[in-house]
Amino acid sequence: MTSRIDWVRGNCRLLRAIAEEFAATQPFRGLTIGTGIHLEPKTVALLLTLKDGGARVVSTGNLNSTQPEAVEYLRANGVDVVGDRTTDEREHDRHLRGVLGSQPHLILDNGGDLFARYLEDPYERLLGGTEETTSGRVRLAKLRSQLARPILVVNDSPIKQFAENRHAVGQSVLESFLRITNRATNGRNVLVFGYGSVGKGIAASFRNAFATVAVVEPDPVLRLEASLDGFQVPDRATGLRTADIVATATGAERVLTEADLELLKDRVILMNAGHFPAEIAADRIVADPRVARRNDGPEGITTLVMTDGREIHLLAGGHMVNLGGPRPLGNSIESMDLGFALQARCLEAVARGRAGQEDVVVPVPSSINAMVAEAFLELYR
Ligand SMILES: NC(=O)c1ccc[n+]([C@@H]2O[C@H](COP(=O)([O-])OP(=O)(O)OC[C@H]3O[C@@H](n4cnc5c(N)ncnc54)[C@H](O)[C@@H]3O)[C@@H](O)[C@H]2O)c1
């Protein structure tokens with residue numbers, strides 16, 4: 001039987017082509033790559049690609065998100081996985097230090113966790129590496145002079161911004177809404193808070209699913225863009241009064257609070273796509289005296305019954321909805337294949353000495369963006 005991991009690996013066409021090339025060119029021969037990332041099927045495809053390039057790969061997961069099947073698969077295929085799934089921050093810290101204990105030549109970091117710890121106990125042979133996220137870039141940019149090695153930031157690639165943050169998150173938020181609620185979007189009023197990459201993708205996906213979409217965005221330039229893209233741009237109170245579905249995608253805190261309870265329509269569905277669960281102030285909303293009852297219903301749906309009889313539904317407790325509910329799939333394989341192809345090419349550039357010592361915490365070089373874009377257009381024809 002083919003496992004989910006085999007399905008994902010088989011569909012990562014960019015990574016498969018890179019793995020084949022790396023098997024011949026061996027860019028990481030004799031090198032150790034250390035990483036701490038979400039261990040799930042798509043990262044398995046990435047780590048095994050690096051291994052095919054001759055690397056010894058030493059990895060641990062992120063807090064709370066490690067999938068046991070992914071760990072088992074990696075271990076069976078020669079990747080050293082430090083520790084197992086944990087929700088304990090101190091244990092996670094020990095696992096990260098365990099990865100650094102192998103003195104990796106290259107670090108594939110996520111959130112700056114490994115590079116920051118490396119600085120506490122530096123060693124000579126570190127060549128540099130990559131950082132996956134914006135939060136990691138912000139953290140590591142302050143440490144540039146100490147790091148003094150090439151570190152390429154994958155999230156700052158335009159490909160990552162439009163392929164993952166816009167298109168893939170938009171689709172997976174729609175997919176999660178449908179999977180968790182089993183409710184139709186046709187003819188419903190959807191209100192999206194935030195018109196950055198993520199908000200743009202959500203708005204477009206729900207419009208494509210026959211909803212009427214409106215956007216609330218404080219930046220007048222982005223509000224204009226939303227308007228020219230064909231979305232309504234009401235003031236927030238008007239938007240909330242008519243919305244059947246509300247999605248937050250701002251990166252800000254307390255975008256929706258108990259102060260909005262008065263405005264919400266009966267049977268409205270609230271969900272968040274932003275990174276932190278603080279966009280919808282769920283605790284404060286639940287604790288409001290106008291909430292008579294809270295029912296934790298089918299997986300991922302909380303219903304608040306108000307004293308005036310209205311019902312308000314909250315998905316995934318206000319956590320990222322596209323990673324919530326039963327059997328979350330996350331972003332599409334294609335979008336992750338693109339992001340991870342950027343990772344593989346950036347690590348190759350650092351290993352081969354093609355990234356300069358001055359490239360400390362910088363965006364993916366445009367030559368790598370072009371190479372990955374061309375390969376995708378060719379392979380996915
Ligand atoms: N769910 C996922 O898989 C996933 C993937 C990528 C990013 N994210 C997260 O989604 C969030 C948004 O990412 P982005 O790249 O679109 O960010 P962004 O900064 O490009 O856009 C956010 C927009 O929200 C607007 N905004 C801020 N406060 C607001 C408010 N109170 N009401 C309405 N709009 C407001 C800002 O003006 C900005 O235009 C971040 O938290 C990011 O980490 C989630």
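Which helices each supply at least two residues of the shell around the ligand?

Helix 9 (158-181) and helix 10 (197-208) do. Helices here are DSSP runs of H or I with at least four residues, numbered from the N terminus.

The model is predicted: local features need pLDDT of at least 70, side-chain atom pairs count only at pLDDT 80 or more, and totals for chains, interfaces and linings use all residues. Residues are numbered from 1 along each chain as its sequence is written, and side-chain values use heavy atoms, with hydrogens and water left out.

**Exercise 1. Describe the shell around the ligand.**

Step 1. Count the residues. The ligand is surrounded by 21 residues. A residue is near the ligand if one of its heavy atoms lies within 4 Å of it.

Step 2. Pick out the closest. They are V198, E217, A273, H275 and N322.

Step 3. Sort by class. The shell holds 11 nonpolar residues, nine polar and one charged. Ala, Val, Leu, Ile, Met, Phe, Trp, Tyr, Cys and Pro count as nonpolar; Asp, Glu, Lys and Arg as charged; the others, Gly among them, as polar.

**Exercise 2. Find backbone atoms that face ligand oxygen atoms, then give the buried share of the ligand.**

Step 1. Take V198. A polar backbone atom of V198 is 2.9 Å from an oxygen atom of the ligand.

Step 2. Take H275. Here the distance from a polar backbone atom to a ligand oxygen atom is 3.0 Å.

Step 3. Take S197. One of its backbone N or O atoms lies 3.1 Å from a ligand oxygen atom. A polar contact is a pair of N or O atoms within 3.5 Å.

Step 4. Turn to area. The ligand alone exposes 860 Å², and the protein buries 71% of that. Areas come from the Shrake-Rupley method with a 1.4 Å probe.

**Exercise 3. Classify two aromatic pairs.**

Step 1. Set the rule. Rings of Phe, Tyr and Trp (its six-membered ring) pair if their centres lie within 6.5 Å; planes under 30 degrees apart are stacked, over 60 edge-to-face, the rest tilted. The structure holds five aromatic pairs.

Step 2. Test Y118 and Y123. Their ring centres are 5.2 Å apart and their planes at 85 degrees, so the pair is edge-to-face.

Step 3. Check burial. Y118 has 3% relative accessibility and counts as buried; Y123, at 8%, is buried too. Buried means under 20% relative accessible area (1.4 Å probe, protein chains only).

Step 4. Test F177 and F206. With centres 5.8 Å apart and planes at 70 degrees, this pair is edge-to-face. F177 lies in helix 9 and F206 in helix 10, so the pair ties together parts 29 residues apart in sequence.

Note on methods: Polar contact = N/O pair within 3.5 Å; in protein donor to acceptor, adjacent residues only side chain to side chain. Buried < 20%, exposed > 50% of the residue type's maximum accessible area, 1.4 Å probe, protein only.
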